[in-house]
Each structure stands twice: as structure tokens, then as C-alpha cells.
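The report below is meant to be read with the sequence and the coordinates open side by side. Please follow each part in the viewer as it is discussed.

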Amino acid sequence: MFFPPDKPGERVQGSPVASSSPDSGGPGSLGPVTEGIPARLPRRRTRVADGAPKPGVAATASPSEQFSFDLKPADIARHLDRFVIGQSEAKKVLSVALCDHFQHVRLSLAGSEAPYYQKQNVLLLGPTGVGKTHLIRSAAELIGVPFVKGDATKFSETGYVGGDVDDLVRDLVRKAGGNARKASHGIIYLDEVDKLATRGDTGARDVSGRGVQTNLLKLMEDGDVPLVSPNDVTGQLQAAMTAMRGGGPAQSDTLNTRHILFIASGAFSGMDRIIRHRLEVAAATAGASAERVPRAAGTDWMLARATTSDLIAYGLEPEFIGRLPVRVACHGLNTDDLFNVLRKSESSLIHQYERAFAAYGIECRFRDDGLRRLAQRASSENTGARGLMTVCERVFRDFKFRLPSSRIRKFSVTARMVDDPRAELRQLLKKAL
Ligand SMILES: Nc1ncnc2c1ncn2[C@@H]1O[C@H](COP(=O)(O)OP(=O)(O)OP(=O)(O)O)[C@@H](O)[C@H]1O
Ligand SMILES: [Mg+2]
């Protein structure tokens, strides 16, 4: 046996859900997707009970296992509203896909797997720093399933240079505390899949990207992955010694991926041009029935209309794209969204700063005008909410250095302070003398 079995009746952690709904909506938004649903959910939603795995089959297949999942799409969207600002469409699409998938897993593990079920792997498109990873991570926390994130760029076709795509599955087992059963219905999040495109604007073909896409095909559908990497000599030796010693409950040495949900994401920069071209050609040839491209249409508008043909034109293989049937675009974050990321998201960066100063007994108060100015500055960075970190780091740099060894015990973050942090700090220090 390579991994310890579950403790009897072990429960997987879930998260409480509060009633706040900070979805700012943003331009063109339909508003929060969770209106009118119950405010609180029980703390723990999923449970994996012990069960004996069938010999020779991945440890996931035993019908005696119980996996309880009783969330509804609106429950998941409500949870996401607490942490992720905007992205209403992505929240809706993800919530539905996650519920469908985990209901299917629940039924399968209870022994009534739906025949011909097709997995609803998801593709998230959208610029950097707008909450793609944050959405998936927050959803996985709520559902209580193991989650791993890997960058598609770190894999190579052969696995000798860079990683092997099978490592993702083994990482999932590690995340599940070595429990292959739990890992078998986890979530694998594959970032930067756009970098696997084999036809760039230059027309050059990247053979390695195509090889990695091919290697991912079997994983994304239904493949068996060895729990110990063939390149891991120590792991192979340990496995052989454990087998020789015998004892412990039988556990398969492979993990089947058919209940693992794959979520891929990428910025797909430049794809707006492909989409615009397709729509303009269609408008010119099909006439009045075709959708017109509005004069003000930007990247968000274009990405929301991405089709399979656009993704293939971008350079992804049809077989790869075909295994990501659920697609949704995340919109860019404007200044209002960034303000709400700071003001309303439970994962707001301001809590990190409040805690950092509180560690020295200093109270740091954020005023709304200060938050708005930080959001304005971050907006011009063009890196989504990641820009907030860059701006805050610059603004607070000297405060973090000087205040802990001063007599100052509180200060406020205002627009004036964000505009000229050094002058504000000088004044504060002068007053404290
Ligand atoms: N819509 C949002 N609401 C709240 N916080 C957000 C949002 N978007 C981003 N953030 C914050 O910014 C950080 C980075 O976001 P995230 O990792 O989700 O970006 P991403 O869209 O996956 O970008 P990339 O394409 O670069 O991976 C998150 O940890 C989160 O704190
Ligand atoms: Mg990301």
C-alpha cells in the first residue's frame, strides 16, 4: 500500500457561508447571481467514508464508498460572492458545472453511475488578475475536495525536461494527504493553457505544446495514472519494499481520473483579433442575421463570444478543446471593481496590511477615499487585482519600515496619503515627537 487509508467516517473540510453579497456587478453585469437564496449553509458539505477498494481497480471505484454532496448552484455562487468581485457569468457557469460534476461523482460512488456521462471540464478565459484562480480555489474550499494548480508551461512532452502531466494527479494525491480515494474526485486546475497553442501570430509551430496537449487528453477523460512516477527511483523502491513486506489494506497502484474535474484557464491575448475577424466576415457574408461588432467592442466583449473554431484558430488542438466543453470568459476589472475588491471581498488585501501593522500594535484604518485612490492607481497598472498589490507595496513601503520603531499607534489611509506617502509619513513622525 502506498498511501494510508481514510480514518473511519473522516470528513472533508468545508467552509461556512455568510450572507454578504459583495458582487459589484460591473458594466453589463446582471448583478449578483445569488439573489433570493438562503443566507447560511451548514459548515461541512461533503463527506467521504471508508470503503474497501476493488483489487486491480483505482481506489475510487468502490460502490461502498459514500460521498455526500448536497450543494445547489446558487449555494456555490453565494460562497464565491464573498471572495470574488464581479464575474457573475463565470460564477453561474462554474457553479452549475461543479454541481453537475459532483452530483455525478456522488451517484457513481454510490454504485449508480450514469451511462455515457460526459465530464464537464471547464475552460476559463480572461486577462490576468481578474479572479480565475481565486474562483476555483474558493469553490474547491467550499466543496471540500483536494485541489491542485499547475501551469501548463511547466510540462514537457517527454516529461524529462520539465514535468510530466501525470505529476498533476500525483500532486493531487499529496494534497489529499496521501489518500488516493479523496484525490480521485479532486479538481485539477491547469493555468496558462493558451501557452500550449501551436500556431502563434508568427505562424511558427511549437511541437512541444502540441505534445503536452496530447498527453493531457487521456487524463482529462478517463486515464489510469501510476501513483509512483516511473522517474521517481526512491518512490519505486519504497513501493517495492512495502509490497514485499505485505500487510495493510490493498490499494491500487494507479489512480483513475474519470471523476477528477479539470479546469483550464488562460488569458488568450490576441484572440480578440481572431474573433473580430470571424464576426466581421460573417456580418459581410450573412447580412442582417449576423451579429454586428459594436464600435466600442473591447476584449471582454470578444472573449465572451469565443467559439471552438476561434480556439482552434488560436492554435489549440480540436481534441484538447473538445474535452473542455464548458467555457466562460472573465471580464477585466475596472476601478469600481478594484475598489470593491479592497472594500468588500473577504480576501481583501487590506486585511493583510491591517494584520501586518497590528502585529506591532499599530492600527491602520482604510478610508473610502484612500481605497478609491488605490483602486485608481491599480487600474492603470493593467494587471487586474494584482495591480493592487503593486500599488500597496509602493505606498506602504516606508510606513512598514519606520512605524514599528516609532511611537505612532494609529494612522489612516486617505487619498492624500496614497498620493504622497512620504509627506504624510513625515508629518505623522513630526507629530509623534
Ligand atoms: N474578481 C476578484 N475579486 C476579488 N479578488 C480578486 C479578484 N480578482 C483577483 N483578485 C485578487 O487578486 C489575486 C490574483 O487573482 P487570480 O490569481 O485569481 O488571478 P487570475 O485571473 O488567475 O490571473 P492569472 O491569469 O495571472 O493567473 C487573488 O488572489 C485575489 O486576491
Ligand atoms: Mg491564475
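In which loop does asparagine 382 lie? Asparagine 382 is in the loop between α14 (368–379) and α15 (386–402), and, since the model is a predicted one, what is said of this residue and of the others below describes a prediction.

**Residues with positive phi**

Most residues other than glycine have a negative phi. Asparagine 382, although not a glycine, has a positive phi of about 60°, and with 12 C-beta neighbours inside 10 Å it counts as exposed, because a residue with 12 or fewer such neighbours is placed in that class. Glutamate 192 is also a residue other than glycine with a positive phi, in this case near 60°, and its place is the loop between β5 (187–191) and α6 (207–221). Glutamate 192 has 15 other C-beta atoms within 10 Å and is therefore partly exposed. A glycine can be added to the picture, for α4 is followed by glycine 177, whose phi is positive and near 65°.

**The shell around the ligand**

Ligand 1 is surrounded by 20 residues, of which the closest are Thr128, Gly131, Thr133, His134 and Ala385. By class, this shell is made up of seven nonpolar, 10 polar and three charged residues. Helix α3, which covers residues 132–143, gives the most to the shell, with three residues. Where does ligand 1 lie with respect to domain 1 and domain 2? Both domain 1 (118–268 + 306–329) and domain 2 (335–432) give residues to the shell, so ligand 1 lies between them.

**Strands and their pairing**

Strand β5 is mostly covered, as five of its five residues are buried. The cover extends to both faces of β5, with Ile187, Tyr189 and Asp191 buried on one side and Ile188 and Leu190 buried on the other. Strand β3 (residues 122–125) has a comparable description: Val122 and Leu124 point one way from the strand, Leu123 and Leu125 point the other way, and all are buried. The strand pairs that involve β5 or β3 are set out here, each with one pair of residues that stand opposite one another.

| Strand pair | Sense | Bridges | Residues opposite one another |
|---|---|---|---|
| β4 (residues 147–151) and β5 | parallel | five | phenylalanine 147 and isoleucine 187 |
| β5 and β8 (residues 261–266) | parallel | four | isoleucine 188 and phenylalanine 262 |
| β3 and β8 | parallel | four | valine 122 and isoleucine 263 |
| β3 and β9 (residues 326–329) | parallel | four | valine 122 and valine 326 |

Read as a chain of partners, β4 pairs with β5, β5 pairs with β8, β8 is joined to β3, and β3 is joined in turn to β9. Valine 122 of β3 thus appears twice, opposite isoleucine 263 in β8 and opposite valine 326 in β9.

**Helices and buried residues**

Helix α4 (residues 166–175) has seven buried residues among its 10, so it is largely enclosed by the rest of the structure. The buried residues of α4 are Asp166, Asp167, Leu168, Val169, Arg170, Leu172 and Val173.

Helix α8 (residues 271–286) has 16 residues and reaches 22 Å from its first C-alpha to its last, close to the 22 Å expected at 1.5 Å a residue. Which residues of α8 are buried? They are Met271, Ile274 and Ile275. Seen down the axis of α8, these buried residues fall within an arc of 95°, so they line one face of the helix.

Two further buried residues belong to helices named earlier. Leucine 219, found in helix α6, has 20 other C-beta atoms within 10 Å and is buried, because 20 is enough to meet the cut-off of 20 or more. The C-alpha atom of leucine 219 is separated by 8.3 Å from that of valine 165, although the two residues are 54 residues apart along the chain. Alanine 378, which lies in helix α14, is buried with 27 other C-beta atoms within 10 Å. The C-alpha atoms of alanine 378 and leucine 388 are separated by 5.0 Å, and these two residues are 10 residues apart along the chain.

Terms used:
Residues numbered from 1 in each chain as written. Chains lettered and ligands numbered in written order. Predicted model: local features only at pLDDT ≥ 70, side-chain atom pairs only at ≥ 80, totals over all residues. Near = placed C-beta within 6 Å. Helix = DSSP H or I, 4+ residues; strand = E, 2+ residues; numbered from the N terminus. Nonpolar A, V, L, I, M, F, W, Y, C, P; charged D, E, K, R; others polar. Domains from an automatic or database assignment. Pairing = 2+ DSSP bridges. Expected span 1.5 Å × (residues − 1). Arc of directions from axis to C-beta.
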